[in-house]
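Here is a short tour of one protein model, written to be read with the structure open beside you. We will stop at a few places and look at who sits next to whom.

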Amino acid sequence: MKLSQIDRKWWKEAVVYQIYPRSFQDTNGDGVGDLPGVIQRLDYIKSLGVDVIWLNPCFESPNDDNGYDISDYRKIMPEFGTMDDFETLLAGVHERGMKLVMDLVVNHSSDEHEWFKQSRSSRDNPYRDYYHWWPAEKGTPPRRWSYFDKDGTAWKYDEPTDAYYLHYFAEKQPDLNWENPKVREEIYDMMHFWFKKGIDGFRMDVITFISKHDGYPEFPEEYQGQNMIDMYAQGPRLHEYLHEMNEKVLSHYDIMTVAEGPGTHTDNVLKLVGDDRKELNMNYHFDHQSIGVGDRGMVNEAFQDLVQFKQVMSDWDKALSQDGWNTVYFGNHDFPRMVSRWASDAPEYRATASKMLTTYLLTMRGTPYYYMGDEIGMSNIKFESIDEYDDIMTRNWYSLTQQEGGDTQALLDSHKITGRDNARTPIQWDNTSNAGFTTGKPWLTINPNYAEVNVAEQQNRSDSELNYFRKLMKFRKSELTLIYGSYNLLYSEHTQLYAYTRELDDKKLLVLLNFSNQVAECEAPASMHLGKVLINNCDAFSVNENSISLKPYQAVIIEVGQ
Ligand code: GLC
Ligand code: CA
């Protein structure tokens, strides 16, 4: 790869740091993180070296799904603060040379949004067609699967107008009808409203689901249940709408966009992010997250299958190597803590393992999305009982399993690994009570390991996870090879080692990552002259007569001579 051939863009060179405001920092003692809390921690965020903050939804919401059910797109959720707080935050981010990306949640709104209140009030209300309705006189609507519905079905009967409405998520999250041009205009206007305030982009929540199939036909047998996701992402007018959105809104600003893309795969992603498509900049997929995880978040023995993982990630790199641009991530508010899911949170490995995963994220081609708290190696809380969970997803899947007389204990065991609340426990700032997150009662239990794992303890310790993250951030920033260089996988069948080179112009780097808790060995790649070790998360690294040996979870970056 040659730098001169590359179409450089700020969002390709950026590292995105994701903040789930509810769990970041509380400032008024109500146990819920808030925007003043983010403002208070801006210098910390800046000290990480990240470029962009992606803030999870902070709009007015009854919080059935923690802000992903919006009742007013132009107001700030009172629990989080005011519009003034938001503006102070945005100014503070910009003053520090960073950017702010917000969540755009427009596949659905809250049922408490004024549009839906109107829509459900009568069949001839002007807002009726803002949502999807199926009149009961037509019989039972064709099956649709719902993520969060109590009965697993996405059509909900609504008495006042004797009709069913569609909700791919909870029943309090009715799907907006994008087929209606008025809905699209309302959304575009609202996007202009935020861009005019100066925000720098949108992460678009389940944006691949916005176009529905005309007449809501039955889906083929292979797409039943949770597999419907792939059908949802193939709505006939998805690309028409995104292209229109680009033309009417996105192209007017210097911003970044990223699709949350359930149902996108390597064979269809370029339709969304191909350079000449004029739709979105980036997409993030779920193909790696689903390795070894089945319906309802049930884990099987393949959940850390490294060979599969390498294959998936390499295929994605390839799909976007000539056109479009990739993203890489492990953690976010919908997935468990990266160290617990992808490596090990056992006390003897947690710190090293989390540094290894950080090394991966910051040395792959594609924009890294890094989830708050992963920089200090936070790990899963692993709730024992369903009562400890707040998350609508775990709670619903538990009750569905219970209704069916299924194995609820097995579900709980799996959710210790996969449950979303594992990533939502508050940030561990220090070892004072409630980890410095709140003076009140935290909305979700704080991981008891905060006494050892916290920002204050790691702040000035040179070998901490936190300072390792900062070091890797500086390294990525100083080395365009890590951003734009070609990626080449080595030892694809090795079950412990993930190894690859990154290469740009005359520069070549070799990245060696041991994803296991055993020593990993391999022959030094033939024809490579191993040079200086630039990064190492352990204290030594051994190459003996061309045979390389890596300690459990060791990560090394080596310069390679030509
Ligand atoms: C996305 C969000 C998730 C939310 C869902 C419904 O997947 O990331 O948190 O529950 O959409 O909006
Ligand atoms: Ca608060």
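## Two helices that cross at an angle

Helix axes are lines fitted to C-alpha atoms over the stretch in contact, and the angle between two of them runs from 0 to 180 degrees between N-to-C directions. Please keep in mind that this is a predicted model. With that in hand, take H6 and H8: the two pack with their axes 11 Å apart, at an angle of about 40 degrees. H6 and H8 are therefore oblique to each other, and their crossing is right-handed. On the H6 side, the contact is made by Arg-184, Glu-185, Tyr-188, Met-191 and His-192, and on the H8 side by Tyr-241, Glu-244, Met-245 and Lys-248. Sorted by character, the residues of this contact are four nonpolar, one polar and four charged.

Which residues of helix H8 are buried? In this helix, which spans residues 238-248, they are Leu-238, Tyr-241, Leu-242, Glu-244, Met-245 and Asn-246. The cover over them includes helix H6 (181-197), along with strand E5 (99-104), strand E9 (201-204) and helix H9 (269-273). Tyr-241, Glu-244 and Met-245 thus turn up both among the buried residues of H8 and in the contact with H6.

## A second helix pair

Now move along to helix H12 (residues 350-361) and helix H16 (residues 465-478), which pack at about 15 degrees with their axes 10 Å apart. This pair is therefore roughly parallel, and the crossing of H12 and H16 is right-handed. H12 brings Arg-350, Ala-351, Ser-354, Lys-355, Thr-358, Thr-359 and Leu-361 to the contact, while H16 brings Glu-465, Tyr-468, Phe-469, Leu-472 and Arg-476. The residues where H12 meets H16 divide into five nonpolar, three polar and four charged.

## The calcium site

Which residues coordinate the calcium ion (ligand 2)? Asp-26, Asp-30 and Asp-34 each do so through OD, Asn-28 through OD1 and Val-32 through O, at 2.3 to 2.4 Å. Along the chain, the donors of this ion follow the spacing D-x1-N-x1-D-x1-V-x1-D.

Is Asp-26 buried or exposed? Asp-26 counts as buried because its relative accessibility is 5%. Asn-28 counts as exposed, because its relative accessibility is 51%.

## Two buried residues and their neighbours

Ile-229 is found in helix H7 (residues 228-232). Why does Ile-229 count as buried? Its relative accessibility is 15%, and the cut-off for buried is under 20%. Leaving aside residues up to four places away in sequence, Ile-229 touches Trp-145, Tyr-147, Phe-209, Pro-262 and Gly-263. Leu-550 is not in that list: it lies 321 residues from Ile-229 along the chain, and their C-alpha atoms are separated by 40 Å.

His-494 is found in a loop, the one between strand E14 (486-490) and strand E15 (497-504). With a relative accessible area of 17%, His-494 is buried. Which residues does His-494 touch, not counting residues up to four places away in sequence? They are Leu-306, Val-307, Lys-310, Ala-520, Glu-521 and Cys-522. Glu-521 is 27 residues away from His-494 along the chain, and the C-alpha atoms of the two are separated by 9.3 Å.

Notes:
Residues are numbered from 1 along each chain as its sequence is written. Chains are lettered from A and ligands numbered from 1 in the order in which they are written. This is a predicted model: local features need pLDDT of at least 70, side-chain atom pairs count only at pLDDT 80 or more; totals for chains, interfaces and linings use all residues. Side-chain values use heavy atoms; hydrogens and water are left out. Donors are N, O and S atoms within 2.8 Å of the metal (3.2 Å for Na, K and Ca); water is not among the atoms, so sites may look incomplete. Buried means under 20% relative accessible area, exposed over 50%, partly exposed in between (1.4 Å probe, protein chains only). Helices (H or I, at least four residues) and strands (E, at least two) are DSSP runs, numbered from the N terminus. Angles under 35 degrees count as roughly parallel, over 145 as roughly antiparallel, 65 to 115 as roughly perpendicular and the rest as oblique. A crossing is left-handed if the near helix is turned anticlockwise from the far one by less than a right angle, and right-handed if clockwise. Contact means heavy atoms within 4.5 Å. Ala, Val, Leu, Ile, Met, Phe, Trp, Tyr, Cys and Pro count as nonpolar, Asp, Glu, Lys and Arg as charged, and the others, Gly among them, as polar.
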